[in-house]
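Colleague: I would like to go through a chain and ask how each label was earned. Please give the value, then the rule, then the conclusion.

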Amino acid sequence: MKGIQYLTFIGTLLITQTGYVCSDTEFLERNEGGFVVFPCVVQQSIPPPFGIYLKRSWLNPSEVLFMHTMTEFTVENNDEKKRISVSGDPSTHSLNVTISQLSASDTDRYFCEFVVEQPASEDTKIRGKTDFFLLVKGDAPGSVDIGLVETCSGGSAILPCLPPHGEAMAVEGVSLKRQRGRGPVEELYNSKRQHGSSPLASSFPVERVQLSSAPGPRGLTYNLTLQKMQPDDSALYSCQLLLQGGPYTSTSLGRKVFFLSVQGGQCGCSQYSNLIYALSSAVLVLLLLLLLGFVVIYKSKARRNVKSHPQAPIYEEMTGMQNVSRKLPPCNLEEMEPSEYTNCSVKKSCPENHYESPRGALCPRIES
């Protein structure tokens with residue numbers, strides 16, 4: 001049984017150590033004037049982290065704050081410190097960063113970075129388990145609905161295409177638009193012209209765009225698949241259906257916008273994660289088979305032990321109840337052999353009397 005426990009421990013260890021192979025992105029939507037909490041968590045390490053950064057990495061790449069263990073955090077702009085608070089400590093592998101009085105300029109992608117000291121080399125920076133995409137919306141009506149789509153470097157992403165205003169009647173084509181940071185809106189793909197209208201669209205070849213359609217509850221649904229995505233392609237995307245008789249060009253994004261997050265170097269990580277999960281499943285199956293084998297072997301040994309110890313004969317079990325002659329005298333004289341009349345008062349014969357009780361025919365007991 002110790003072998004089974006050891007194998008079970010190894011399988012559990014393999015599974016638990018593959019839980020966070022790649023960092024996830026959490027989509028956070030807030031209104032202006034509100035607040036947001038970034039929970040920064042990192043895997044356990046020895047030695048523990050001595051510091052942490054909170055950074056922005058899309059619209060305004062910069063360091064939001066740095067905190068050394070057991071000290072106050074620092075920021076580049078002291079005015080920003082008034083609306084930032086930190087609870088926890090980097091040495092505990094987790095803490096919370098709260099930013100209040102949010103404004104539209106706070107919209108960005110954020111991530112935490114823990115710093116671990118390495119005495120013999122440069123300090124190691126470990127990214128937190130979760131990245132955060134913060135969207136701060138204004139109170140103005142008609143705000144754009146933004147969703148999150150994640151992929152990895154070299155991977156693909158699927159974007160649904162919606163009509164610009166409600167239901168689509170007669171569809172003639174689709175249009176794909178993108179906005180990088182605070183730059184202008186560029187049209188990457190237009191099925192009516194087979195190319196984008198923006199001079200920047202040449203950096204996104206048409207070969208990387210695939211249009212597909214499928215029947216749905218409200219008619220045909222259209223999707224665009226973007227292939228061979230790279231980290232530089234991270235931006236806001238919108239796919240619009242071109243209706244019959246409508247304009248083919250527009251200078252704004254559609255009513256449904258997606259922030260496409262492309263994580264650099266994560267495709268191999270994702271494939272490695274899938275491989276690890278497959279191996280973990282195989283380990284579990286192997287453990288179950290080994291457990292079943294141990295049970296079968298245990299039961300077979302138990303059967304052998306039962307067969308190797310047959311039941312003792314009755315006469316051997318009753319040896320403790322036998323007298324010196326190893327045989328009890330019978331109750332009737334008729335059953336006695338001539339040589340067994342040793343205790344009778346008559347040496348060779350005891351007269352039979354069939355009219356007396358059988359007990360009276362017993363040999364009398366000789367008192368010593």
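Modeller: What follows is a set of questions and answers about this predicted model.

Colleague: How many helices and strands are there in the chain, and what share of its residues count as buried?

Modeller: The chain has 4 helices and 17 strands. It has 368 residues, and 32% of them count as buried.

Colleague: What makes V262 buried or exposed?

Modeller: Its relative accessible area is 5%. Buried means under 20%, so V262 is buried. The residue is found in strand β17, residues 256-263.

Colleague: What does V262 touch, leaving out residues up to four places away in sequence?

Modeller: V262 touches T151, C152, S153, M229, Q230, P231 and S234. Its C-alpha atom is also separated by 6.9 Å from that of D233, although these two are 29 residues apart along the chain.

Colleague: R208 is a charged residue. How do you know whether R208 counts as buried or exposed?

Modeller: The class of a residue does not enter the rule; relative accessible area does. R208 has 13% relative accessibility, and under 20% means buried, so R208 counts as buried. R208 lies in the loop between β13 (185-190) and β14 (209-216). From R208 to T225 is 7.9 Å, C-alpha to C-alpha, with their positions 17 residues apart in sequence.

Colleague: Why is M70 called exposed?

Modeller: M70 has 73% relative accessibility, and exposed means over 50%, so the label applies. M70 is found in the loop between β4 and β5. Its phi is near 65°, a positive value in a residue other than glycine.

Colleague: What makes K228 buried or exposed?

Modeller: K228 has a relative accessible area of 58%, which is over 50%, so K228 is exposed. Its place is in the loop between β15 (219-226) and β16. K228 also has a positive phi, near 50°, and is a residue other than glycine.

Colleague: Which label fits L162, and why?

Modeller: L162 has a relative accessible area of 29%. That is neither under 20% nor over 50%, so L162 is partly exposed. L162 is found in the loop between β11 (157-161) and β12 (171-179).

Colleague: Which residues does L162 touch, again leaving out residues up to four places away in sequence?

Modeller: L162 touches C239, Q240, L241, R255 and K256. L162 and K256 are 94 residues apart along the chain, and their C-alpha atoms are separated by 7.4 Å.

Colleague: How many cavities does a search of the whole structure find, and what lines the largest cavity?

Modeller: The search finds 1 cavity of 30 Å³ or more. About 30 Å³ of space lies in the largest cavity. The lining is made of L162, P163, P164, S238, C239, Q240, G254, R255 and K256. Strand β16 (residues 235-243) gives the largest share of that lining, 3 residues.

Colleague: What is the make-up of the lining by class?

Modeller: The lining has 4 nonpolar, 3 polar and 2 charged residues. Pro counts as nonpolar and Gly as polar under the rule used.

Colleague: Which residues have the most contacts inside the largest nonpolar core?

Modeller: They are F38, L54, I84, V97 and L134, in a core of 23 residues. The elements giving two or more residues to this core are β2, β3, β4, β7, β8 and β9. Apart from this core lies another, of 21 residues, among them V149, L188, V209 and Y237.

Colleague: What does I84 touch beyond residues up to four places away in sequence?

Modeller: I84 touches V64, L65, F73, V75, V97, T98 and I99.

Colleague: How do you know that β8 and β9 pair, and in which sense?

Modeller: Two strands pair if there are at least two bridges between them. β8 and β9 have 8 bridges, so they pair, in the antiparallel sense. D108 stands opposite L134 in β9.

Colleague: In which sense do β1 and β9 pair?

Modeller: β1 (residues 24-31) and β9 pair in the parallel sense over 8 bridges. The bridge partner of R30 in β9 is V136.

Colleague: Which residues does a cis peptide bond join?

Modeller: The cis bond joins I46 and P47, with omega about 0°. P47 lies in the loop between β2 and β3.

How values were computed. Residues numbered from 1 in each chain as written. Predicted model: local features only at pLDDT ≥ 70, side-chain atom pairs only at ≥ 80, totals over all residues. Heavy atoms only, no water. Core = buried A, V, L, I, M, F, W, Y, C linked by side-chain atoms within 4.5 Å. Buried < 20%, exposed > 50% of the residue type's maximum accessible area, 1.4 Å probe, protein only. Contact = heavy atoms within 4.5 Å. 1 Å grid on protein atoms, 1.4 Å probe; cavity = no way out; pocket = protein on both sides within 12 Å on 5 of 7 lines; lining within 4 Å. Points joined across faces, edges and corners; volume = space filled by probe spheres on them.
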